[in-house]
Amino acid sequence: MALPPPDPQFVLRGTSAAVHTLHFSCGGQEPDVPILFSGSESGFIHVWNLKTHRVDTALDGHGRRSVYWVETMDGKDRLLSQGRDQRICLWDLAEGRTSVTDSVFTENVGFCRCSLLKVAQGRWLMAMAAKALEEVQVLELPSKTSVCTLKPEVGAKLGMPMCLKLWQLSCGSQPLLLTGYEDGSVVLWNLSMRKALSQLVCHQEPVMSLDFDSETAKGISGSSEKVLSIWSLNEQQNLQVHKTHKLVNAGISDITIRPDKKILATAGWDHRIRIFGWKTLKPLAVLDYHTATVHCVSFSDHKNPSERLLAAGSKDHRISIWSIYTQT
């Protein structure tokens, strides 16, 4: 008999709006308090203290338009946020400050989350959906210099980019970009050549979310359908379907592989969080707490594996926090 799934370790309430994105910052040394950033439909970013389970700060920088991506740059004092006001904001949160120090106007009307990759000390690449509907732009940060614009070939009919994942095999190797498109394709881009290396139709519907494990060269994607697609990248950098996994209910908003590559979590339109073993894709748990669509899932970056947490944000205005499979 499988063990019954646990209850959440605790629940964060108080956003008063649907939660669209989550990002932990828990890797600091004592007395650093572990925190969780959440972005909500009301345009606020909440900074949650995970010791008190309360909001330490509420950041308001997107004109009350939905925030759907947050990410830190080296620790929790520099934060990037992306909103439906077509702006990406860089926040300075050091020493209690709550100021936007810089911003990028994307001119993109979609809701494709950006992707950030640290390429050197003090240097990052950020991929974002561009003004032209099918294009992706890559900037260097903090300089905001344009690195490249990635345009599908004429007649490719991929539609809009829906999700992005910048990655590199090792520090110093060539940065690559995986993009999930509206037509259900996943495309691997080489940034320096500005060229698509491989394209694979993974879904019949738009790719809603993807994640990639560069160690095993395997990725996973979800869409509005009842299927997860697992694909791999061979030595020639061609994408191939590895296998598919049929779901009970349709619709995946978010997928994330835990940093230790042992398990992954999906956020479902069916209000549920599903946990799978990453190597086998064996279903391990169904976490049934939320009363509406789960929009996002995120694993914490605690240094000690036993302290690792999973957070899920939902349309029901709540964030559930789970301690699950921490011993694996």
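**Chat about Ser223 and a four-stranded sheet**

Me: Let's start with the sheet. In what order do the strands of the open sheet β14-β17 come, and is the pairing parallel or antiparallel?
Reply: This is a predicted model, and in it 4 strands make up an open sheet, ordered β14-β15-β16-β17, with antiparallel pairing.

Me: Which are the edge strands?
Reply: Those are β14 (161–167) and β17 (195–201), and each of them pairs on one side only.

Me: And by how much are neighbouring strands turned against each other?
Reply: On average by 20°, with direction ignored.

Me: What holds strands of a sheet together in general?
Reply: Strands of a sheet pair through backbone hydrogen bonds.

Me: Back to this one: over how many bridges do β16 and β17 pair?
Reply: β16, residues 185–190, pairs with β17 over 6 bridges, in the antiparallel sense. As an example, Val186 has Leu200 in β17 as its bridge partner.

Me: Switching topic, where is Ser223 found?
Reply: Ser223 sits in strand β19, which covers residues 218–223.

Me: Is Ser223 buried or exposed, and why?
Reply: Ser223 is buried, because its relative accessible area is 0%, and the cut-off for buried is under 20%.

Me: Which side chains does the Ser223 side chain make a polar contact with?
Reply: One is the side chain of Glu225, at 2.7 Å. Another is the side chain of His203, at 3.5 Å.

Me: Leaving out residues up to four places away in sequence, what else does Ser223 touch?
Reply: Besides His203, Ser223 touches Glu205, Pro206, Val207 and Met208, along with Gly251 and Ile252.

Terms used:
Residues numbered from 1 in each chain as written. Predicted model: local features only at pLDDT ≥ 70, side-chain atom pairs only at ≥ 80, totals over all residues. Heavy atoms only, no water. Helix = DSSP H or I, 4+ residues; strand = E, 2+ residues; numbered from the N terminus. Buried < 20%, exposed > 50% of the residue type's maximum accessible area, 1.4 Å probe, protein only. Polar contact = N/O pair within 3.5 Å; in protein donor to acceptor, adjacent residues only side chain to side chain. Contact = heavy atoms within 4.5 Å. Pairing = 2+ DSSP bridges. Axes fitted to C-alpha atoms, helices over the stretch in contact; angles between N-to-C directions.
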